[in-house]
Amino acid sequence: MNKHNLLLQNIPDFVAHLQTYGEVHAPCQKGENSFSFEQVTDPSRVVLDYARTLQSIRKYFLPPTERLLNFSLTDNTFTKVAIENNHRIFLGVHSYDMKAVLKLDFNFSHRTPEINYLKRRENCTFIGVSYEPDDYHFSRSVGITVENTEGFDLFLDRHENGYTVQVLTERGTEITKDFTALGEALEIPEISRQFKNKIKFNYNRLPEVMEQSWNSPVWEEVAQRCVGCGTCNLVCPTCYCFNMVDNVDLKLTDGSRDRHWDGCLLSSFAAVAGGENFREKLASRQRHRIYRKFKYITDKTGDPWCVGCGRCTAYCTAGISIVEIVNRLSDEFEQTHLRKSSAPVGQKIQGVSL
Ligand code: SF4
Ligand code: SF4
């Protein structure tokens, strides 16, 4: 692996250089305190030192809303909408958001491949950047370090005067080889980046915790505060549920089939014909969200489906913290096991004869 040094003052030139290889999409300031991945037109607007973007780069591969096809009811024909997949370079991606893309790749490629998603994933180059964990990040608790380079072509690790650039793939070599402002890599002592926000159990144990948490009072307590707005789903880089709607014109001759993001915290999510709703209560919807992240897919893959970005907590309308929920369930789990192990032989606890 080759390493180089990139000085802060050379970043706009580096962005302009990347633009000769394809569209560059990078974090830009949005409003006073927010950041958003946008197509770069002015390299000086790129911000590499940011905590998190409102949306992850998931929005490029699974757009919030998209037309899948147009149809005619007159002759019963349909036409699929063509998918654009220009060469795109994603600059300034955090390791947890890259990992989220790799998880979505799994979701959309095993069993029946999802053609639109996979088409948009072609021709992409990913350039990662390190970050300073804030009060919400907890990605190390789910096995993703700040410096995790999986999925990246280049990785930019911040130091005092700039970045150490790690070249990780042939594509990374190709897009850096003619950029003459890259200097020789400096001898930088390893930076120790601490996460204040932590899940108390190793993530491998969380499916076991969830297994025993189905009837926990925590779900109802969280539901008392939750307003069911669905923000936690909509900002999550690993959420991928969607709804399909057929829209027919007023003449009832033509229409379109459209796909929109959906979210399991929304009351309509599990509603079906006949007025039934499988998860009518907010408590059951909260439980479903947490089980989707730490049990259902984890049971199949061995990995948590949360990447510890902290968005669902940072942007929650009611200040609900996913780490607090998981840690409270872990505390309950621990207490139950402590009681079981200290109970006299033969005493019955929770229906189990010891
Ligand atoms: S963002 Fe917060 S208030 Fe809104 S549905 Fe999610 S947990 Fe509930
Ligand atoms: S569940 Fe929350 S912390 Fe985990 S990946 Fe989704 S938004 Fe990020």
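Q: By class, how many residues of each kind does the shell around ligand 1 have?
A: This is a predicted model. The residues around ligand 1 include Cys-226, Cys-229, Cys-232 and Cys-316, and cysteine counts as nonpolar here. Also in the list are Gly-228, Gly-230, Thr-231 and Thr-317. By class, the shell around ligand 1 has eight nonpolar, four polar and no charged residues.

Q: What are the class counts in the shell around ligand 2?
A: Ligand 2 is surrounded by 13 residues, and the closest are Cys-236, Cys-306, Cys-309, Arg-311 and Cys-312. Arginine is put in the charged class. The shell around ligand 2 has eight nonpolar, three polar and two charged residues.

Q: Which residues of helix 7 are buried, and where on the helix do they lie?
A: Helix 7 covers residues 218-225, and its buried residues are Val-218, Trp-219 and Val-222. An α-helix has 3.6 residues a turn, so residues three or four places apart point the same way. Seen down the axis of helix 7, the buried residues fall within an arc of 100°, so they line one face of the helix.

Q: Which helices are included in what covers the buried residues of helix 7?
A: The residues to be covered are Val-218, Trp-219 and Val-222. Their cover includes helix 9 (282-294) and helix 12 (322-342).

Q: What is the strand order of the open sheet of eight strands?
A: The secondary structure of the protein chain comes to 12 helices and 14 strands. Eight strands form an open sheet with mixed pairing, in the order 3-2-6-7-8-9-1-10.

Q: Which strands stand at the edges of that sheet, and why is one side of each left without a neighbour?
A: The strand order begins with strand 3 and ends with strand 10. Each of these has a single partner strand, so one side of each is left without a neighbour in the sheet. The edge strands are strand 3 (34-39) and strand 10.

Q: How many residues of strand 6 are buried?
A: In the sheet order, strand 6 stands between strand 2 and strand 7. Strand 6 is largely enclosed by the rest of the structure, because the buried residues in strand 6 (residues 88-93) number six of the six.

Q: How many bridges join strand 6 to strand 7?
A: Strand 2 (residues 23-30) pairs with strand 6 in the parallel sense over three bridges, with Ile-89 as the bridge partner of Val-24. Strand 6 and strand 7 also run parallel, and Arg-88 stands opposite Cys-124 in strand 7. The bridges that join strand 6 to strand 7 number five.

Q: Which residue in strand 8 is the bridge partner of Ile-127?
A: Strand 7 (residues 124-129) and strand 8 (residues 154-159) run parallel and are joined by three bridges. For Ile-127, the bridge partner in strand 8 is Leu-154.

Q: With which residues is Leu-48 in contact, leaving aside its neighbours within four places in sequence?
A: Leu-48 is in the loop between strand 3 and helix 2 (58-61). Because it has 19 C-beta neighbours inside 10 Å, Leu-48 counts as partly exposed; buried would need 20 or more. Its C-alpha atom is separated by 8.7 Å from that of Val-93, 45 residues apart along the chain. Apart from neighbours within four places in sequence, the contacts of Leu-48 are Ile-11, Gly-92, Val-129 and Leu-156.

Q: Does Glu-187 count as buried or exposed?
A: Glu-187 lies in the loop between strand 10 (183-184) and helix 6 (206-211). From Thr-164, 23 residues apart in sequence, Glu-187 is 9.5 Å apart in space, C-alpha to C-alpha. The cut-off for exposed is 12 or fewer C-beta neighbours within 10 Å. With 5 such neighbours, Glu-187 counts as exposed.

Q: Which helix gives the largest share of the side of domain 1 that touches domain 2?
A: The protein chain is divided into domain 1 (2-63 + 73-184) and domain 2 (203-342), with C-alpha centres 27 Å apart. In the contact between them, 23 residues of domain 1 meet 20 residues of domain 2. The largest share of the domain 1 side, seven residues, comes from helix 3 (residues 95-109).

Q: What is the make-up by class of the side of domain 1 that touches domain 2?
A: This side of domain 1 includes residues from helix 3. By class, it has 10 nonpolar, eight polar and five charged residues.

Methods:
Residues are numbered from 1 along each chain as its sequence is written. Chains are lettered from A and ligands numbered from 1 in the order in which they are written. This is a predicted model: local features need pLDDT of at least 70, side-chain atom pairs count only at pLDDT 80 or more; totals for chains, interfaces and linings use all residues. A residue is near a molecule or strand if its C-beta atom, placed from the backbone, lies within 6 Å of it. Helices (H or I, at least four residues) and strands (E, at least two) are DSSP runs, numbered from the N terminus. The arc is that of the directions from the helix axis to the C-beta atoms. Two residues are in contact if their C-beta atoms, placed from the backbone, lie within 7 Å. Domain bounds come from an automatic or database domain assignment. Two strands pair if DSSP finds at least two bridges between them.
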